[in-house]
Structures are given as C-alpha cells and as structure tokens.
Amino acid sequence: MSELNNVSGKEEILRIENLSINFGGLKAVDDLSFSIMENEIFGLIGPNGAGKTTVFNCITQFYRPTAGRVLFKTAQGETENLVGQPVHSIIRKGLVRTFQNVELINELSIMDNVLVGAHMDFKASGFEQALRLPRARREEKQIREKAYEVLQFMGIAGLAYELVGGQPYGVRKKVEMARTLMCSPKLIILDEPAAGLNDVETQQLSESIYQVRDKYGCTILLVEHDMRLVMSVCDRICAISFGKFLACGTPAEIQKDPAVQEAYLGEKEDSES
Amino acid sequence: MERKKSFSMNYYLRYLIFGCVMALLPLLTNAGILKTSWIGIIGGTIIYTIAGLGLNLLLGWSGLISLGTAGFMGLGAYISAYVTGDLGLPFEVGILLAVLIPLVFGILIGLASLRMEGLYLGIVTLCVSEVLRKTFDELEPVTGGFSGKQANFPTLLGIFKLNQQSTYIFLVVIMVLLMMLTYNLANGQLGRALNAMRGSQVAAQAMGVSLLKYRLIAFSLATAFASLSGALYVHFIRFVYPSTWTLPVSLVIMALIVIGGLRSVFGTFIGALIVYAMPDLVLKNIPVIGDINGLSYVLSGVLIIIVVLFYPGGVINLFYKLHSVITGGGKKKAALPQTGEEQESMEETHE
C-alpha cells in the first residue's frame, strides 16, 4: 500500500489514495483514488464544479486534504507522501504546476518571470549574491542560458526582454509553461492550459505538450474543458463528478462509459425523451 | 554572455562615478561656489536615500507596506549615540548594535506580516514606530528625554577623527556601497523572489519561494537600512530629539521612493533629492511662497499625484526615456542582456 506500484513495466509516479477534503459541510473531493504512470499524459475531467482544481490544490498542498494520501516519486527517486508538507517545498521534489488564471509578474520581463521558476536552483547564499561573488555570477549565467533555451523551445525567445504585462494571453500561457520547465520537473500539473486560447493556439499547445514530455521526460497531468484537446492528447483520463470518482481509462473507454455520459449529458431517460 | 560582463563592469563604474561626483561637494563649498549649508542638506539627502533603499526593497519589490521607518531610524540613532557616548565604545560597535537591535524588531514584524496585509500592516508598523518614539521620550537615562541626546562625528578604527566634511564623504561611500548591494540583490534571485511574492503569492509558493523566509528578509533589510541611516544621522547631525521621529518622516521616505521610482536604486536618490533637498535648496529661496510653513509637504503631495497619474515608474523613468531618445531606441533593445532595470547615472542632476 505504502509504495508505488510497478504495473506491466511502467512505474507509477503519483498515486492519490482515498483523497477527501471538506469545506464546512461540503465534500469537495470525496474518497478519490487514481494513479499516474511515468511519462504519461493524464487528463482529469469533470463537469464544472466537479472539484478538479481542488484535487490539484490538494496535490500541491495549497489545500490540506481532510483525509487520504498523495504518494509521489520525487526527483530524488524516493516515494513520499506529500500531504502536510509546506507548499513551497513541493517544487523541490519535482512537482510543478501552472494556474487556471495565469499568475505572472506583469512588471517584469518574460525572461525574469521564467527565471523565477529556477528559484530552487540557486545555491549561492544571499551574501554571495549581494557581492556578486564568482559562484553567484556563474549560477546566474548558467540559469539565464537555460532560461533562454527554454524560451527558444517554447518559441518565444524573441520576446525574452519584453514586459509580460503587455503580452497577449497565448504568450502569457507559454511563459507560464516555460517557467515550470525551469526546475527540470518530473511531473507538471497544467490547470486548464487551453482556456482562453483560440483554435490555432490550442493546436500549438497540444504539440508543445507532447514535446515537453518527450524532450524533458516529464509526466503531465492536466485539467481541461476542451474535450477535443483532452481526447487527442491524453493517454489516460480520469473522470470525476461532485468530487467522486466516475471512471478511469483510455479516451475511448471514457467516451463510452455510461457514468461519464450521465454526468455530462444528464440521465438516460432525460436524453431519450 | 560576453556582453553581460561589460555591462556589469559598466554599472559598477556608474556607481563609482556617481560617488566621486557626490564627493566633490565639499571641494565646491570650500571654493565658495556653493554655500556650506549644502553639505548638511545633501548629507541629509544621503541619509534619506539609505532609509529609502530599504523601504524600496520592502514596498517596491515585495509590495509590503511599512509606516514605521521613522521609529527604526530613531532607534538606530539613539542606540549608536548611547553606545558611543555613554558607554564610550568605538563608532563601529555603535553602528553594529544600532543595526542588530532594531533587526530583532524587524524580524518580529516580518513574522506578524504573515497574518496581515495592506492597511493593517501599515497600522501595526505605525504603532511600533509610535511606541518607540514614546520610549525615546520617557527613557531619560538612555535617551536624554525631551532635551535630546548628543553624539560626535565618527572616529573610524579609533584613529581617524572625522569632521563634518569627511563625515559627508563617509556617508557618500556608505550610500554608494549600499546602492551596489541593493542593485545586486534586487537583480538576482532575491529580487525575483520578492517580485514573485508581490506579483502572485500562490505562484511564488508554487515556484518554491517561502513566503515566511522572504517576508522576514524583506523586513530585516528594510529595518537594517533604516536603523543604519538613523545611526549615520546622529553622527552627522550630532544631535537627536525624540520629536524628530514622527510619522511625517516615514511618509516623506515613502513619498520619495514613489516620486523617485519604485524598484529603482537611482530613483530612490533622485526622489530624496526632490523631496528632501529641493525644498531647502530651491523653494526657500523663492520670495513670498518660500516663507509658507510646510510648503515641502504640499510639494511632495502634488508631486505624488502627478507621478502616480502620469509617470507610474517615477521620475527616474523620465531619464530612461531621455536616454533612449538620445541613444536611439533600436540600439537599446540589442544591448539589453540584463534585467529591465537599466540604471542611468544621475550625476548631472545634483550639480
């Protein structure tokens, strides 16, 4: 129970066990369990208010789950229960997220925003930084080079020194994605990456999700409303409704699942009559 | 990356040139070109700049408010005066204690700031400042009460006795060092973490920025800068009264960073020059309106309104624009390997 399983050659990277969280009397997430394999693109879907973002927040410890465990195989290769750990320590373990409403610093350049993602990689002390001693300078240089590579990968290197504040939504989303790549993550959690994007941008997004997985070797967990994107990109999908588990499987399985159809389209009698 | 090195050399050079130009002032007064009173006024500007740099780290970079700057300046001043005067310890020990003791208060406020935001934080810091001021009034054996406390010009390393002019030079050196320090910190990992905290607390946490740690750092730095400026004040002015350290001083320091430029190192100095030095150097010489009491506050208020409405980046941005007009916009883009805050040397403005 306590360790992550090894199913048919693939290892689990994240396993949610009996996760529950209550807000007052409301059970936002109720006894939810699912697991994600390494190098997988995993989708979490559900109607509005199903508790998808709440699950994300429970995984990244922005919310403290009332019950259950979140087992994660960290970048250091150990299996840890994330529940109860400080929010800012989660990224150290190789788990990083984006936000539904892009959270960037408008007054800074794209480059500086991306560099924030490498916060953990600085080893030089404040003293060394204040005096710009060799180690601090070397680190800054290395990390800037890495940031430039990531920006090139995302196709926005040309805008590196532009302010984030004036950028269109599509670019801001890319900046957020670039920021997550700075910490060499094992698992990236994307909260509605396609929200607010047009068709072309959504197409680009699904390509870059593949590329991120292949080039950086990460696992991706995404919450998304755009069903076309979810069905085309994800290897496996978990559907939830009102905080409860509905089904888990490949996109084709999920589409056929009666419980999922009911949650999205209403009960069968209603749809027939 | 070749370019980056030349740039970092370049900005150190800018601060050095700035410091050298500032250090010329005593020569000019000795030669009779400027009045001797200029040394006192520009020295005061430097002291305000130092406190302003600290508050800029707090308010500008981290987005946290403090109305307690005056209290900490006073605390630094009294501690240094007491340690060097009554206890007879060297100047360096005085400065050290004057920074370390207020630092404890700063850390406590930083802890409290985790549970408070905006206005409430402002009120708490104001309270701390007022409690400190009242303490200066009442704790007569240490502070001398209402009649104030005296101090001497610094004696460096126990050998070099400074007079007013050399103390002024000493202030310039300290200010330039602190400016470089602030610039380095603000444009590195620390500055980005503070920025991230201001921009979005959730994103900052998700990126591994510990709110507790960086709020403590921000408050510690602001307090340390404020108390250091207070300690320098008492050794430059050589006198300290409790009634000096009231809310207006905190507000003037806040006004000067808003007017000069939030998140700008040179902007802080420009702001201090405009808010602190200009009323004394310029306004008082204007007939009729120069005699109005509190004119400098009116000026600060009007300037804040103008800056907030029309120049959100502060006066310093005017100089950037001027610079990019002179050098041409295209060239600037190519030569921007560093961060957004491209500092300009402002030597000219003070002459």
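Here are some exercises, each with a worked solution, on the predicted model shown above.

**Exercise 1. Find the two domains of chain A and describe where they touch.**

Step 1. Start with the division of the chain. Domain 1 of chain A covers 1-94 + 185-273, and domain 2 covers 101-184.

Step 2. Next, look at the spacing. The C-alpha centres of domain 1 and domain 2 of chain A are 27 Å apart.

Step 3. Now turn to the contacts. On the domain 1 side of chain A, twelve residues are in contact with ten residues of domain 2 of chain A. Helix α6 (residues 199-216) of chain A supplies the largest share of that domain 1 side, five residues.

Step 4. Finally, sort the domain 1 side by class. The side of domain 1 of chain A that touches domain 2 of chain A holds seven nonpolar, two polar and three charged residues.

**Exercise 2. Work out whether Met154(A) is buried or exposed, and list what it touches.**

Step 1. Locate the residue. Met154(A) belongs to helix α4 (residues 134-154) of chain A.

Step 2. Count its surroundings. A residue needs 20 or more other C-beta atoms within 10 Å to be called buried. Met154(A) has 24 of them within 10 Å, so Met154(A) is buried.

Step 3. List its partners. Setting aside residues up to four places away in sequence, Met154(A) touches Lys174(A), Met177(A), Ala178(A) and Ser208(A).

Step 4. Compare sequence with space. Arg138(A) is 16 residues from Met154(A) in sequence, and their C-alpha atoms are 24 Å apart.

**Exercise 3. Place Ser184(A) and Phe242(A), and give the phi of each.**

Step 1. Begin with Ser184(A). Ser184(A) sits in the loop between α5 (169-181) and β8 (187-191) of chain A. Its phi is near 45 degrees, which is a positive value in a residue other than glycine.

Step 2. Check how exposed Ser184(A) is. Ser184(A) has 16 C-beta neighbours inside 10 Å, so it counts as partly exposed.

Step 3. Do likewise for Phe242(A). Phe242(A) lies in the loop between β10 (236-241) and β11 (244-249) of chain A. Phi of Phe242(A) is near 45 degrees, again positive in a residue other than glycine.

Step 4. Count once more. With 16 C-beta neighbours inside 10 Å, Phe242(A) counts as partly exposed.

**Exercise 4. Explore the largest nonpolar core.**

Step 1. Take its size and its best-connected members. The largest nonpolar core has 181 residues, and those with the most contacts inside it are Val114(A), Ile220(A), Ile50(B), Ala218(B) and Leu256(B).

Step 2. Find the main contributor. Helix α11 (residues 211-237) of chain B gives the most to this core, with 15 residues.

Step 3. Relate the core to the domains. Domain 1 and domain 2 of chain A both give residues to this core, so it lies between them.

Step 4. Zoom in on one member. Apart from its neighbours within four places in sequence, Ile50(B) is in contact with Met175(B), Leu178(B), Phe225(B), Leu228(B), Ser229(B) and Leu232(B).

**Exercise 5. Show which face of α15(B) is buried, then treat α14(B) in a similar way.**

Step 1. Describe α15(B). This helix (residues 315-327) has 13 residues and reaches 19 Å from its first C-alpha to its last, close to the 18 Å expected at 1.5 Å a residue.

Step 2. Pick out the buried residues. In α15(B) they are Val315(B), Ile316(B) and Phe319(B). Down the axis of α15(B), the buried residues fall within an arc of 110 degrees, so they line one face of the helix.

Step 3. Look at the opposite face and at the packing. The face of α15(B) turned away from its buried side carries the exposed residues Lys321(B) and Val325(B). The buried residues of α15(B) pack against α12 (247-260), α13 (265-281) and α14 (295-310) of chain B.

Step 4. Turn to α14(B). Its buried residues are Ser300(B), Leu303(B) and Val307(B). They fall within an arc of 70 degrees down the axis of α14(B), so they line one face of that helix. These buried residues pack against α12, α13 and α15 of chain B.

How values were computed:
Residues are numbered from 1 along each chain as its sequence is written. Chains are lettered from A and ligands numbered from 1 in the order in which they are written. This is a predicted model: local features need pLDDT of at least 70, side-chain atom pairs count only at pLDDT 80 or more; totals for chains, interfaces and linings use all residues. A nonpolar core is a set of buried Ala, Val, Leu, Ile, Met, Phe, Trp, Tyr and Cys residues joined through C-beta atoms within 7 Å. A residue is buried if 20 or more other C-beta atoms lie within 10 Å of its own, exposed if 12 or fewer, and partly exposed in between; C-beta atoms are placed from the backbone. Helices (H or I, at least four residues) and strands (E, at least two) are DSSP runs, numbered from the N terminus. Domain bounds come from an automatic or database domain assignment. Two residues are in contact if their C-beta atoms, placed from the backbone, lie within 7 Å. Ala, Val, Leu, Ile, Met, Phe, Trp, Tyr, Cys and Pro count as nonpolar, Asp, Glu, Lys and Arg as charged, and the others, Gly among them, as polar. The expected span of a helix is 1.5 Å times one less than its number of residues. The arc is that of the directions from the helix axis to the C-beta atoms.
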